[in-house]
Amino acid sequence: MKKYTQADFDAFEVIDGIKQCPSGDYSDIRVFGKRCSFGNRCSFGERCSFGRGCSFGEGCSFGERCSFGKECSFGKWCSFGEDCSFGEECSFGKWCSFGKECSFGEDCSFGEECSFGEECSFGEWCSFGKWCSFGEDCFFGEECSFEGKGEYIGDYPFLAFVGFGSRIGSKVYFFNLQDGIYVRCGCWLSDIARFRERVKAKNTDAMYLDLCDLVERKFNRKN
């Protein structure tokens, strides 16, 4: 992978106001202007700073403490280190992975199978796709929506349980949403009543039913 210097970066072609940045290693560059477009599988070092309107292709890798302005767009399989900060209206493709203590602004959109480490913070109106995984002590702003099923209510949007089902380490999520409690269990997504029916019909681990009772008590509601 070619490693670029600041002189190389400054000399890149600009088309329609957007700097064209090929695939490569940008770890020696610390500050990037707005409206840059990067190719696939780019690598960035620690303490990078990006302006608004930046676009990143698939498989980009970012080190710790990167800072991104608003309206940045990221392709799938992007990986972010600890303490990354993202501005408003950022968009992330599927299978993105984020380290602990990442901070996200308003109106961020996340694709399928995003993974978030501990203590991530999300602003208002963030939207999360399917199979997103959240670490401990994540904080969610108002009007965040999950899997297209609506906004959450109460003090916390979900409960997650680990160690159930056929796969070691698999998680079961119960989302406390305006339209009711929804359950994500592997590929299955439904309201809690339909989840109970499926558990009984498939003769699955009866402890799932105990979890449903526990969650309803915790959320203090019945469907």
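Visitor: What makes β1 (residues 14-15) and β2 a pair?
Guide: They run antiparallel and are joined by 2 bridges. Two strands pair if DSSP finds at least two bridges between them, so these two qualify. Strands here are DSSP runs of E with at least two residues, helices are H or I runs of at least four, and both are numbered from the N terminus. One bridge partner of Val14 in β2 is Lys19.

By the way, this is a predicted model: local features need pLDDT of at least 70, side-chain atom pairs count only at pLDDT 80 or more, and totals for chains, interfaces and linings use all residues. Residues are numbered from 1 along each chain as its sequence is written, and side-chain values use heavy atoms, with hydrogens and water left out.

Visitor: Does β2 have another partner, and which strand is β4 in this?
Guide: β2 and β4 (residues 36-38) pair in the parallel sense over 3 bridges, with Gln20 bridged to Ser37.Visitor: Why is Cys48 called buried?
Guide: Buried means under 20% relative accessible area (exposed is over 50%, partly exposed in between, with a 1.4 Å probe and protein chains only). Cys48 has 1%, so buried is the right word.

Visitor: What is Cys48 in contact with, beyond its neighbours within four places in sequence?
Guide: Ile29, Arg30, Phe32, Arg65, Cys66 and Ser67; contact means heavy atoms within 4.5 Å.

Visitor: How do you know what span to expect for α3 (residues 207-219)?
Guide: The expected span is 1.5 Å times one less than the number of residues. With 13 residues, α3 is expected to span 18 Å, and its reach from first C-alpha to last is close to that, at 18 Å.
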